[in-house]
Amino acid sequence: MRLVVAKCSVDYEGRLRAHLPLATRLIMVKADGSVLIHSDGGSYKPLNWMNPPLTLHEVEPGEDAAAMGATATWTVSSAKTDDKLTINFHSFEHDSAHILGTDPGLIKDGVEADLQRLLAEQIELLGTGHQLIRREYMTAIGPVDILARDAKGATVAVELKRRGDIDGVEQLTRYLELLNRDPLLKPVTGVFAAQQIKPQARTLAEDRGIRCLTLDYDAMRGVDDSAGRLF
């Protein structure tokens with residue numbers, strides 16, 4: 001990766017034209033060939049960028065750019081389209097190259113698979129007397145996250161989400177309609193379980209006779225964060 005901090009102006013030509021006036025910015029040239037231009041604001045989003053495959057040439061500034069004070073110019077061209085970036089540099093504050101190596105990728109904690117595993121292990125969170133039948137109970141329209149029995153022996157289908165919205169309720173509704181056609185399983189009731197459930201989703205679920213359950217992921221995995229709480 002090459003990192004350049006410089007005073008520059010940037011012109012983009014492609015499906016439209018865009019211009020970044022002269023200012024100090026960070027230009028990143030990644031090992032995959034992508035070029036990104038960042039300001040000191042705007043969070044992670046670059047002001048402009050181009051995706052590989054690209055060609056990058058360092059050339060002498062044109063007459064107009066040189067007359068405006070440019071001392072160096074990069075032209076970045078797409079190998080697939082007519083898109084082009086022209087970066088005119090007026091002064092450099094930093095220019096370095098770094099070999100980062102292969103990244104192992106983001107390892108997510110608290111995804112739906114983790115919630116499913118923990119709830120299966122702690123099935124009593126559904127209520128006293130509940131027993132696990134199985135995880136990923138396959139149906140003709142997809143797998144039900146958890147199938148269980150309540151204290152009275154009735155079947156319970158659980159749909160798990162990190163953030164529960166209306167789409168999740170609709171998904172569980174379809175599962176319930178299908179499962180209740182099976183004489184060996186019916187009657188089947190539903191539980192919509194999530195770390196956060198939107199008010200609209202809760203209203204829809206309760207209107208359809210689906211019970212909502214808010215899950216505390218930290219408590220389920222045995223993390224005590226009480227020391228960091230004020231109350």
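**Exercise 1.** Identify the bridge partner of F192 in β12, and place that strand within its sheet.

*Solution.* In β12, F192 has C212 as its bridge partner, in a model that is predicted, where local features need pLDDT of at least 70, side-chain atom pairs count only at pLDDT 80 or more, and totals for chains, interfaces and linings use all residues. Residues are numbered from 1 along each chain as its sequence is written, and side-chain values use heavy atoms, with hydrogens and water left out. Next, β11 and β12 run parallel and are joined by four bridges; two strands pair if DSSP finds at least two bridges between them, strands being DSSP runs (E, at least two residues) and helices H or I runs of at least four, numbered from the N terminus. The open sheet has five strands in the order β8-β9-β10-β11-β12, with mixed pairing. Because β8 and β12 each have a single partner strand, they stand at the edges, and one side of each is left without a neighbour in the sheet.

**Exercise 2.** Determine which residues of helix α4 are buried and where they lie around its axis.

*Solution.* Within α4 (residues 199–207), A201, L204 and A205 are buried, where buried means under 20% relative accessible area, exposed over 50%, and partly exposed in between (1.4 Å probe, protein chains only). Viewed down the axis, the buried residues fall within an arc of 100°, so they line one face of the helix; the arc is that of the directions from the helix axis to the C-beta atoms. The face turned away from this buried side carries the exposed residues P199, T203, E206 and D207. Finally, just after α4, G209 takes a positive phi of about 75°.
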